[in-house]
Amino acid sequence: MIVAFTDLDDTLFQTLRKLPPGMPGLIPATLGRDGQPHSFCTPAQSALLAHFADSGVTVIPVTGRDPAAMARVALPFTSWRVLDHGLTILRPDGQMDTDWRGQVLTQLEPLQGALRDCTQAIAGLAEALGCRLSHHTAHETHFMTVLKHPDADAGSLERVQLALEHHLDSRGYADLQIIANANNVSVLPRYPGKAEAVRHLRQQHFSHATLTLALGDSLSDLAFMNACDLAVTPPGGQVLRTVTAAKLPQR
Ligand SMILES: [Mg+2]
């Protein structure tokens with residue numbers, strides 16, 4: 001048995017903004033809140049998914065999307081699903097994995113004070129820079145604060161990120177981490193995350209898999225990619241851009 005654990009956004013599909021203008025052969029993969037197609041699979045991404053389906057590979061999404069955003073993904077996932085950056089696991093029948101929920105809540109509880117403190121500390125600067133601040137919950141519990149700039153202004157997002165990093169350092173919040181993407185900066189627990197959810201699924205349900213693949217584009221995917229046998233990452237993604245820019249000695 002082969003299992004592919006895969007990030008979704010910017011790995012299996014992306015918005016038109018990130019594609020060359022007029023690219024042929026795009027297939028809608030998600031709907032926006034307005035019900036219109038929002039993200040699309042390129043022919044290469046569609047071919048990969050078709051290849052997985054034809055060869056009986058079990059495909060398990062591992063995404064930051066919450067259940068509502070996952071419901072807008074049109075791709076036919078039929079196995080387990082990892083949502084909320086690893087904090088939620090859905091069974092193949094769509095029901096919540098309540099064991100995992102219990103473990104996650106136990107680990108989130110002691111981090112609530114630090115999360116609240118970080119959120120309060122960044123609120124003023126975020127507002128001054130025109131960033132929107134939102135609380136994200138899993139299992140009715142705050143686990144992530146997201147700062148989004150409506151125009152994805154890189155300078156504003158960088159200032160927010162640096163201020164948050166400084167706050168985490170100065171308070172010694174080693175159990176929280178910051179992840180940044182094109183139009184947002186988020187603060188969330190370091191553990192549990194995508195990697196712990198993937199390890200949990202491997203141990204509990206896929207210990208007989210002969211090969212586990214990991215697909216992801218972002219630095220925040222690296223931990224779960226390191227928890228699989230082989231990693232696949234798109235060109236132009238955060239992972240390859242970072243590796244390409246690093247002037248590492250070859251050994
Ligand atoms: Mg991604």
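# A tour of the predicted model

Begin by selecting Thr-98, Asp-99 and Thr-106, which are exposed on one side of the helix α3, the side away from the residues that come next on this tour. Keep in mind throughout that the model on the screen is predicted.

**The buried face of α3**

Now add Trp-100, Val-104 and Leu-108 to the selection, and you have the residues of α3 that are buried. If you turn the view until you look down the axis of α3, these buried residues fall within an arc of 70 degrees, so they line one face of the helix. The spacing along a helix helps to explain such a pattern: an α-helix has 3.6 residues a turn, so residues three or four places apart point the same way. To find what this face meets, show β7 (88-90), α4 (112-128), β9, β11 (184-189) and α6, since the buried residues of α3 pack against these elements.

**The two domains and the core between them**

Next, colour the chain by its domain assignment, which gives domain 1 as 2-87 together with 193-245, and domain 2 as 107-189. The C-alpha centres of the two domains lie 24 Å apart, and the contact takes 6 residues from domain 1 and 10 residues from domain 2.

With the domains coloured, select Phe-5, Ile-60, Val-82, Ile-89, Leu-201, Phe-206 and Phe-224, which are the residues with the most contacts inside the largest nonpolar core, a set of 27 residues. The elements that each supply at least two residues of this core are β1 (2-6), α3 (98-108), β9 (141-148), α6 (194-205) and α7 (222-225), and the largest share, 4 residues, comes from α6. Domain 1 and domain 2 both give residues to this core, so it lies between them.

Which residues does Phe-224 touch, once its neighbours within four places in sequence are left aside? Show Phe-5, Thr-6, Asp-7, Val-62, Lys-194, Ala-195, Val-198, Ala-214 and Leu-215, and you have the residues in contact with Phe-224.

Apart from the largest core lies another core, of 18 residues, and a selection of Cys-41, Val-57, Val-73 and Phe-77 will show some of its members.

**The magnesium ion**

Asp-7, which appeared among the contacts of Phe-224, leads on to the metal site. Select the magnesium ion together with Asp-7, Asp-9 and Asp-217: these are its protein donors, with Asp-7 and Asp-217 giving OD atoms and Asp-9 giving its O atom, at 2.1 to 2.2 Å from the ion. Along the chain, the donors follow the spacing D-x1-D-x207-D. Asp-7 sits in the loop between β1 and β2 (14-15), while Asp-217 sits in the loop between β12 (211-215) and α7, so the pair ties together parts that are 210 residues apart in sequence.

Are Asp-7 and Asp-217 buried or exposed? Asp-7 counts as buried, at 6% relative accessibility, and Asp-217 is likewise buried, with a relative accessible area of 5%.

From Asp-217, move to Pro-234 in the loop between β13 (230-232) and α8 (238-245). Leaving aside its neighbours within four places in sequence, Pro-234 is in contact with Asp-10, Gly-216, Asp-217 and Leu-240. Measuring from C-alpha to C-alpha in the viewer, you should find Pro-234 and Leu-215 to be 8.5 Å apart in space, with their positions 19 residues apart in sequence.

**The cysteines**

Select the cysteines next; how many disulfides does the structure hold? The structure holds 0 disulfides. The sulfur of Cys-131 is 16 Å from the closest cysteine sulfur, that of Cys-118, which is too far for a bond. Cys-131 counts as buried at 9% relative accessibility, as does Cys-41 at 2%.

**Backbone details in the loops**

Finish with a look at the backbone, bearing in mind that most residues other than glycine have a negative phi, and most peptide bonds are trans. Select Tyr-191 and Pro-192, and you will find that the peptide bond from Tyr-191 to Pro-192 is cis, with omega near -5 degrees; Pro-192 is found in the loop between β11 and α6.

Then go to Glu-140, in the loop between β8 (132-138) and β9, where phi is positive, near 60 degrees, although the residue is not a glycine. Glu-140 is exposed, with a relative accessible area of 70%. The last stop is Ala-152, in the loop between β9 and α5 (154-171), which also has a positive phi, of about 50 degrees, and which counts as partly exposed at 29% relative accessibility.

Definitions and conventions
Residues are numbered from 1 along each chain as its sequence is written. This is a predicted model: local features need pLDDT of at least 70, side-chain atom pairs count only at pLDDT 80 or more; totals for chains, interfaces and linings use all residues. Side-chain values use heavy atoms; hydrogens and water are left out. A nonpolar core is a set of buried Ala, Val, Leu, Ile, Met, Phe, Trp, Tyr and Cys residues joined through side-chain atoms within 4.5 Å. Buried means under 20% relative accessible area, exposed over 50%, partly exposed in between (1.4 Å probe, protein chains only). Domain bounds come from an automatic or database domain assignment. Contact means heavy atoms within 4.5 Å. Donors are N, O and S atoms within 2.8 Å of the metal (3.2 Å for Na, K and Ca); water is not among the atoms, so sites may look incomplete. A disulfide is a pair of cysteine sulfur atoms within 2.5 Å. The arc is that of the directions from the helix axis to the C-beta atoms.
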